[in-house]
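Here is a set of exercises to work through at your own pace. Try each task before you read its solution.

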Amino acid sequence: MKVILLIAIILMASYTADAKKCLALALSGGGDKGAYEAAVFAGLVNNLPVEEASYDVITGVSAGSLNTLGLSGFAPEDVEGARDFILALWNSIPMYNAYGQWPGGIIQGLFFKKGIFDLSPGIEWVTEQFGDRTVKRKVSFATTDANSADYVVWDYNTSDTQPTDLIETAFASSSIPAAFPHITRGERELVDGGVIWNLDIASAVRRCREIADDDSEITIDMVLCGDHKIEMKENIDRYNTLEHLMRGIELKSFYNGMSDYNSSTILFPEVNFRYLIVPSESLSSGLLPLDFSQKQVDKCFEVGLKDAKNAVLLGPGKLGDVTLDYVDKLLGGQDVWLKHMIKDALDDLDEQQKVTSK
């Protein structure tokens, strides 16, 4: 009996030692705020041990797909290489055009093209920067099939050559309906995945299950880059069609992002949801979330680096708790600001540490 018990203990210890873990990063949509997500990744790399920022899986929606694409070209443990590339990618965008006008302008876009704006300049920008890099970790891009209304996720694994449709898939996920052309692939008409879900946590869990033995071995970090607070618009009665479309997307992004997070924590109760990071300050610089100027990029970098650092300082789960409390108060009609609530949480932590050290 003792021999059997000893064998069981040895087998359990061996299983624990060999248990495979998976670290994932889920990146949301957010238009011109993709630079914020890049800065959050950089901030996590700057403030965490290498192994805690070595993401095995990355999922992206819309702007998050462009970051997922950029990070896909680096092995999980190459955190510094990935950090430097993704920051350089967004820093280069003012030298290009993320999108352009058709020769016939908006009229041609509205009536003779699939989108008001031409995405080819953005595709050229990313293609040139990404070069011939191959996929070096598990990545997934979420799209919406406008024909069937399906949420279609495209998975890629480590490869020796660059998949021929990789960059196109990232832009399919980023194609805001009406603003940009949809991408036809077979019988599918692909548009922005954020039309259905703006944060694809489900795919992060699914891909991690290809690595981890149990959901308890899965850890997920999440970045939402929609505006942290919806502001009143005094002149909304004078908005044109495109401005009304973008306002609707702004409202949907703000509320659905938190809903995606809340529902996922219920669906996957054993998964470790580590850091939920959202902009602590407004990143909008105009009516449309399509400002890719150096000023906008610099603002996103500043806030993203700060928010990531604060998330690590507060500890796993803490910034998410503050954010959920903020949303509850905001929806309850209170005039609160996320950056103030984060500062209060940091001050409380500092006081607790002072008491503990005495």
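**Exercise 1. A covered glutamine**

Task: Decide whether Gln296 is buried or exposed, and find which backbone oxygen its side chain reaches.

Solution:
- Step 1. The relative accessibility of Gln296 is 3%. Buried means under 20%, so Gln296 counts as buried. Keep in mind that this is a predicted model.
- Step 2. Now place the residue: Gln296 sits in helix H10, which covers residues 294-314.
- Step 3. Follow the side chain of Gln296 to its partner, the backbone oxygen of Leu283, at 2.9 Å.

**Exercise 2. Cysteines, paired and unpaired**

Task: Find how many disulfides the whole structure has, and say which cysteines form a disulfide.

Solution:
- Step 1. Searching the whole structure gives 1 disulfide.
- Step 2. Its partners are Cys22 and Cys208, with sulfur atoms 2.0 Å apart. A disulfide needs the two sulfur atoms within 2.5 Å.
- Step 3. Look at where the partners lie: Cys22 belongs to strand E1 (residues 22-27) and Cys208 to helix H8, so this pair links distant parts of the chain, 186 residues apart.
- Step 4. Check the handedness. The torsion about the S-S bond of Cys22 and Cys208 is about -65 degrees, and therefore the disulfide is left-handed.
- Step 5. Both Cys22 and Cys208 are buried.
- Step 6. Turn to Cys225, which is in no disulfide; its nearest cysteine sulfur belongs to Cys300, 8.1 Å away. Cys225 is buried, at 0% relative accessibility.
- Step 7. Cys300 is likewise in no disulfide, its nearest cysteine sulfur being that of Cys225. Cys300 is buried too, with a relative accessible area of 0%.

**Exercise 3. Three salt bridges**

Task: For Arg274, Arg207 and Arg185, find the partner in a salt bridge and say which parts of the chain are brought together.

Solution:
- Step 1. Start with the idea: side chains of opposite charge can pair when their charged atoms come close. The count for this structure is 18 salt bridges.
- Step 2. Arg274 pairs with Glu52, and their closest N and O atoms are 3.6 Å apart. Because Arg274 lies in strand E8 (residues 272-277) and Glu52 in the loop between helix H2 (34-47) and strand E2 (57-61), the pair ties together parts 222 residues apart in sequence.
- Step 3. Compare the surroundings of these two: Arg274 is buried, at 11% relative accessible area, while Glu52 is partly exposed, at 32%.
- Step 4. Arg207 forms a salt bridge with Asp155, 3.6 Å from N to O. Arg207 is in helix H8 (residues 201-208) and Asp155 in strand E4 (residues 150-156), so parts 52 residues apart in sequence are tied together.
- Step 5. Arg207 is buried, with a relative accessible area of 0%, whereas Asp155 is partly exposed, at 33%.
- Step 6. Arg207 and Asp155 also belong to a network of salt bridges that includes Lys138, Arg206 and Glu210.
- Step 7. Arg185 meets Glu168 in a salt bridge, 2.6 Å from N to O. This pair links Arg185 in strand E5 (residues 183-185) with Glu168 in helix H7 (residues 166-173), 17 residues apart.
- Step 8. Arg185 counts as buried at 15% relative accessibility, and Glu168 is partly exposed at 35%.

**Exercise 4. The helix around Glu168**

Task: How many residues of H7 are buried, and which are they?

Solution:
- Step 1. H7 is mostly covered, with 7 of its 8 residues buried.
- Step 2. The buried ones are Leu166, Ile167, Thr169, Ala170, Phe171, Ala172 and Ser173.
- Step 3. Glu168 of H7 is partly exposed.

**Exercise 5. A pocket and its lining**

Task: Describe the second largest pocket: what lines it, and which element gives the largest share of the lining?

Solution:
- Step 1. The space in the second largest pocket is about 200 Å³.
- Step 2. Its lining consists of Leu314, Lys318, Val322, Asp325, Met341, Asp344, Ala345, Asp348, Leu349 and Gln352.
- Step 3. Helix H11 (318-331) and helix H12 (338-357) are the elements that each give two or more residues to this lining.
- Step 4. H12 gives the largest share, 6 residues.
- Step 5. Sort the lining by type: 5 residues are nonpolar, 1 is polar and 4 are charged.

How values were computed
Residues are numbered from 1 along each chain as its sequence is written. This is a predicted model: local features need pLDDT of at least 70, side-chain atom pairs count only at pLDDT 80 or more; totals for chains, interfaces and linings use all residues. Side-chain values use heavy atoms; hydrogens and water are left out. On a 1 Å grid over the protein atoms alone, a cavity is a set of points where a 1.4 Å probe fits but cannot get out, and a pocket is an open set with protein on both sides within 12 Å along at least five of seven lines; lining residues have an atom within 4 Å of a point. Grid points are joined across faces, edges and corners, and a volume is the space filled by probe spheres set on the points. Helices (H or I, at least four residues) and strands (E, at least two) are DSSP runs, numbered from the N terminus. Ala, Val, Leu, Ile, Met, Phe, Trp, Tyr, Cys and Pro count as nonpolar, Asp, Glu, Lys and Arg as charged, and the others, Gly among them, as polar. A salt bridge is a side-chain nitrogen of Lys or Arg within 4 Å of a carboxyl oxygen of Asp or Glu. Buried means under 20% relative accessible area, exposed over 50%, partly exposed in between (1.4 Å probe, protein chains only). A polar contact is a pair of N or O atoms within 3.5 Å; within protein, one must be able to donate a hydrogen and the other to accept it, and residues adjacent in sequence count only if both atoms are side-chain atoms.
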